[in-house]
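Please open the model in your viewer, with the cartoon shown and the side chains ready to be switched on as the tour proceeds.

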Amino acid sequence: MTFTLPPLPYDMSALEPHISANTLSFHYGKHHQAYVTNLNNLTQNTPLAGKSLEDVILEVSGQADKVGIFNNAAQVWNHTFYWHCMKPSGGGQPPSDILSLIERDFGSFDTFRDQFKQAAISQFGSGWAWLVSDKGVLKITKTGNADLPMTHGHKALLTCDVWEHAYYLDYQNRRPDYVDTFLAHLINWDFVAKNLSV
Ligand code: MN
């Protein structure tokens, strides 16, 4: 198999009580795995099978006859990124170096938090809320379904999965509560810092 499911960076129960082991067992073990399996099936015996995940995403982006490959490749990338955006006892205010960048581009941490939450709860249907760097300027964006910042020329710094499968077992229809919890208890600011410095 060309594309593989990367290991989860923590135990299935590590994000409890905020995200249950039950959610992660389905979200990582079933959904993320399915995107990997589908991508391998769709690209086997094609030139795409030997390419990096990022190269596949950028190469098939916008091609109507390759939308299935794009959706599965982008969802493999999005989920691997999302797992690293969370950690046990995360969330809250970032370290001072990130905080100063957020204050520079959003005015205050509270404004950043409000805009991120608004993007996450206003994404109609399935998708993702993002903190991105747009040529060095931090911005909040949202994408539908599998779409992701790299196809818009943005560098992803942080994401929250707002597909129902990310929160329905724990929060049912209460997406705003899931997003509040993500912001207050789960964000891995060390990962955001790493993305900023690359
Ligand atoms: Mn998901």
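**From the sheet to the metal**

Begin by selecting helix H5 (residues 109-122), which in this predicted model lies across strands E1, E2 and E3 and runs at about 15 degrees to E2.

Next, hide the helix and colour the strands beneath the selection: 3 strands form an open sheet, arranged in the order E2-E1-E3 with antiparallel pairing. Strand E2 (137-144) and strand E3 (155-161) stand at the edges, and because each has a single partner strand, one side of each is left without a neighbour in the sheet. If you turn the view to look along the sheet, the twist to look for averages 25 degrees from one strand to the next.

Now restrict the display to strand E1 (residues 127-134) and E3, which pair in the antiparallel sense over 6 bridges. To find one particular bridge, select Val132, whose partner in E3 is Ala156.

Which protein atoms are the donors of the manganese ion? Select the ion together with His27, His79, Asp161 and His165, and you will find that the histidines contribute NE2 and Asp161 contributes OD, with the donors lying 2.0 to 2.1 Å from the manganese ion. Along the chain, these donors follow the spacing H-x51-H-x81-D-x3-H. Keep His27 and His165 selected, since this pair links distant parts of the chain: His27 belongs to helix H1 (residues 21-43) and His165 to helix H6 (residues 164-171), the two residues being 138 residues apart.

As a last stop, add a surface and ask whether His27 and His165 are buried or exposed. Both His27 and His165 turn out to be buried.

Key. Residues numbered from 1 in each chain as written. Predicted model: local features only at pLDDT ≥ 70, side-chain atom pairs only at ≥ 80, totals over all residues. Heavy atoms only, no water. Donors = N, O, S within 2.8 Å, 3.2 Å for Na, K, Ca; no water. Helix = DSSP H or I, 4+ residues; strand = E, 2+ residues; numbered from the N terminus. Buried < 20%, exposed > 50% of the residue type's maximum accessible area, 1.4 Å probe, protein only. Pairing = 2+ DSSP bridges. Axes fitted to C-alpha atoms, helices over the stretch in contact; angles between N-to-C directions. Contact = heavy atoms within 4.5 Å.
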